[in-house]
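User: I'd like to understand the reasoning behind the labels used for this structure. Could you take me through them one at a time?

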Amino acid sequence: MVGLMMGVGFYAVLKVLVGCLYTVRPDQRAVVTTFGAVKRLGAGSDGQALSDDERERYEYPQVEVIGPGGPYFKLPWQRVHKVSVATQTVDLTWDPSKAQSTIEAVTKDNLTTGVNGQIRYRISENNLYPYLFGVESPLEHVMGYFVSVLRERIANFVDPKGQSLLADAVAETEAIAGTGDGDLESKSSAVELSEGVSINDLRKNLPLLNQYMEEQCRSTTARYGIELDAALITEIDPPAEVDRALSAINSTRNQVAADISTARADSEQQITMSARAVEIATNNAQAEVAPLHELAGTLISIKSEGGSDCLKAYLRNLRVPLFKRTERIYQTESKIEGKA
């Protein structure tokens, strides 16, 4: 009996001692609780990304974090919570409560689209309390928060470049109309030509949408202890029939834009050629008129200096070369009688 009791005691001591030793991997951090209570350091977590109301609801304390290494010793009534702080990736469609292949979201023009992508995240070493003890499933909360913000953004998304183009078109219409109010019909046509389809605007501005989501989800670190590293929305697809219709619309718009560019180029070429032709005709006319102006000036100078007799002599001498080049000369009867 003594040997049995010693054996049982030795096994119990060995089991307790072995169970009280633990190590922490380089990609892990550990928190030790004593009877369920964690050792607090007093200072609250950083809540700069939170509003005043959220700061009151998510005021979590800092806890003592055990870094990589070991072996460490704990008492039998203590429990070790290990957390991986490595960067991880999860699909946007991940949901432990249901299986889904895409996230449905409604655009500004009431088009139901399917959104797919990934979220890159890591657990914040400085906010382990909300992750371990704040909520039961922090990643599920983060995914729900991210999807709700994403749907709200998609429902109200407007292409900033399209808005600037629309403002320029309206300003140009007002300038052409010559009034501050502008022509309402021209304005409406400018709006129809400039306002884009929401799904196309979203596809063109995926980096902008990802940046917005990253900014809006900065509060997840203080809320749930999960730091969002990047939001990678890769696909925004409408239903197949809508996609075909959008492709036809885009092809038509591209063809119209190409025809307009060709027409503008042709008109500019015609205007340039017409201006060049007018310039050439003006130069030819000036070239023909210039000798006449020069001759008129010469005749005026001769008459003013030598009188009418001198001018008549100049004209008579000027006819002599012409007589050499003529084959026949016709003279009126009045001149013949004058000579007789």
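Analyst: Happy to. Let's begin with burial: a residue is called buried when its relative accessible area is under 20%, exposed when that area is over 50%, and partly exposed in between. Please keep in mind that this is a predicted model.

User: What makes C217 buried or exposed?

Analyst: C217 has a relative accessible area of 2%. The cut-off for buried is under 20%, so C217 is buried.

User: And why is C310 called partly exposed?

Analyst: The relative accessibility of C310 is 35%. That value falls between the 20% and 50% limits, so C310 counts as partly exposed.

User: How many disulfides does a search of the whole structure find?

Analyst: Zero. The criterion is a pair of cysteine sulfur atoms within 2.5 Å, and the search of the whole structure finds no disulfides.

User: Let's turn to salt bridges. How do you know that R29 and E125 form one?

Analyst: The closest N and O atoms of R29 and E125 are 3.1 Å apart. A salt bridge needs a side-chain nitrogen of Lys or Arg within 4 Å of a carboxyl oxygen of Asp or Glu, so R29 and E125 qualify, with their 3.1 Å. The two are 96 residues apart: R29 sits in strand 2, and E125 in the loop between strand 10 and helix 3.

User: Which labels do R29 and E125 get for accessibility?

Analyst: R29 counts as buried, at 14% relative accessibility, whereas E125 counts as partly exposed at 36%.

User: What makes R120, R122, E227 and D229 one network?

Analyst: Salt bridges that share partners join these four residues. R120 and D229 meet at 2.8 Å, N to O, and R122 also forms a salt bridge with D229, with the closest N and O atoms 3.1 Å apart. R122 lies in strand 10 and D229 in strand 11, so this pair ties together parts that are 107 residues apart in sequence. For accessibility, R120 has 31%, D229 has 30% and R122 has 25%. Each value lies between 20% and 50%, so R120, D229 and R122 are partly exposed. Across the whole structure, the search finds seven salt bridges.

User: How do you know that strand 2 is largely enclosed by the rest of the structure?

Analyst: Six of the seven residues of strand 2 are buried, so this strand is largely enclosed.

User: How do you know that strand 2 pairs with strand 7 and with strand 3?

Analyst: Pairing requires at least two bridges between the strands. Strand 2 and strand 7 are joined by seven, and they run antiparallel; R29 has V83 as its bridge partner in strand 7, and T33 stands opposite R79. Strand 2 and strand 3 are joined by two bridges, also in the antiparallel sense, with T34 opposite A37.

User: In the open sheet with the order 3-2-7, why do strand 3 and strand 7 stand at the edges?

Analyst: Strand 3 and strand 7 each have a single partner strand, so one side of each is left without a neighbour in the sheet.

User: What is found in the turn between strand 2 and strand 3?

Analyst: F35 is in that turn, with a positive phi of about 55 degrees, and the hairpin has two residues between its strands. F35 counts as exposed at 69% relative accessibility, because the cut-off is over 50%. This residue also belongs to a nonpolar surface patch of about 740 Å², which V13, L17, L21, F73, L75 and W77 help to make.

User: Which side chains of strand 9 are buried, and which are not?

Analyst: I103 and A105 point to one face and are buried; E104 and V106 point to the other and are not. Strand 9 runs antiparallel to strand 10, with four bridges between them, and E104 has G114 as its bridge partner.

User: Finally, which residues touch the most other members of the largest nonpolar core?

Analyst: They are L92, V115, F146, L150, M213, I233 and I236, in a core of 41 residues. Several elements supply at least two residues each, including strand 9, strand 10 and strand 11. Helix 4 gives the most, with nine residues.

Conventions:
Residues are numbered from 1 along each chain as its sequence is written. This is a predicted model: local features need pLDDT of at least 70, side-chain atom pairs count only at pLDDT 80 or more; totals for chains, interfaces and linings use all residues. Side-chain values use heavy atoms; hydrogens and water are left out. Buried means under 20% relative accessible area, exposed over 50%, partly exposed in between (1.4 Å probe, protein chains only). Patches are made of residues with over 30% relative accessible area and no salt bridge: like charges are joined within 9 Å, nonpolar side chains (Val, Leu, Ile, Met, Phe, Trp, Tyr) within 5 Å. Accessible areas come from the Shrake-Rupley method with a 1.4 Å probe; for residues, only the protein chains shown count as cover. A nonpolar core is a set of buried Ala, Val, Leu, Ile, Met, Phe, Trp, Tyr and Cys residues joined through side-chain atoms within 4.5 Å.
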